Amino acid sequence: MSSPLHLYLDTSALLARWAPQDPHHLDSLTLFQGIASGAFLGYLSDFSLVEIAAVVERQQAKFSGKLPSLPASSSLALEYLKKVLLSPNVQLISSLSLIHI
């Protein structure tokens, strides 16, 4: 069996996964099914987490119906970050590790 392909996940792919109206939603679902099955290993950086939080907070109407009811103390952006970080075979890498001088 060959080793899985390692992929850096762009923020747009991570957001499209939970936004059915996004034009890339189905492609993102297929990608995440491949990641969940172990065919791919996904990586995202801390910059991606900041981008996800910013986009979800700015466009709450687009994302608010995609998660179960949230407790009053919970943030929609935080719930999205949890979903991303708990995705199987997805790892967080430090942006500093991507910079080679």
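**Exercise 1.** Which residues of helix 2 are buried?

*Solution.* The structure is a predicted model, in which local features need pLDDT of at least 70 and side-chain atom pairs count only at pLDDT 80 or more, while totals for chains, interfaces and linings use all residues. Residues are numbered from 1 along each chain as its sequence is written, and side-chain values use heavy atoms, with hydrogens and water left out. Begin with the element itself: helices (H or I, at least four residues) and strands (E, at least two) are DSSP runs, numbered from the N terminus, and helix 2 covers residues 25-37. Next apply the burial criterion, in which buried means under 20% relative accessible area, exposed over 50%, and partly exposed in between, with a 1.4 Å probe and protein chains only. The residues of helix 2 that count as buried are His 25, Ser 28, Phe 32, Gly 34 and Ile 35. Taking contact as heavy atoms within 4.5 Å, these buried residues pack against helix 1, strand 2 and strand 3. After the helix comes Gly 38, with a positive phi near 95 degrees.

**Exercise 2.** Describe the sheet and place helix 2 against it.

*Solution.* Two strands pair if DSSP finds at least two bridges between them; on that basis 3 strands make an open sheet in the order 1-2-3, with parallel pairing. Strand 1 (5-8) and strand 3 (90-93) are the edge strands, each pairing on one side only. Strand 2 (residues 40-45) pairs with strand 3 in the parallel sense over 4 bridges, and Leu 92 in strand 3 is the bridge partner of Leu 44. For the orientation, axes are lines fitted to C-alpha atoms, for helices over the stretch in contact, and angles run from 0 to 180 degrees between N-to-C directions. Helix 2 lies across strand 1, strand 2 and strand 3, and runs at about 110 degrees to strand 2.

**Exercise 3.** Identify the largest nonpolar core and the elements that supply it.

*Solution.* A nonpolar core is a set of buried Ala, Val, Leu, Ile, Met, Phe, Trp, Tyr and Cys residues joined through side-chain atoms within 4.5 Å. The largest one has 19 residues, and those with the most contacts inside it are Leu 14, Ile 52, Val 56, Phe 63 and Tyr 80. Two or more residues each come from helix 1 (11-16), helix 2, helix 3 (46-58) and helix 5 (76-85), with helix 5 giving the most, 5 residues. Over the whole protein chain of 101 residues, 35% count as buried.
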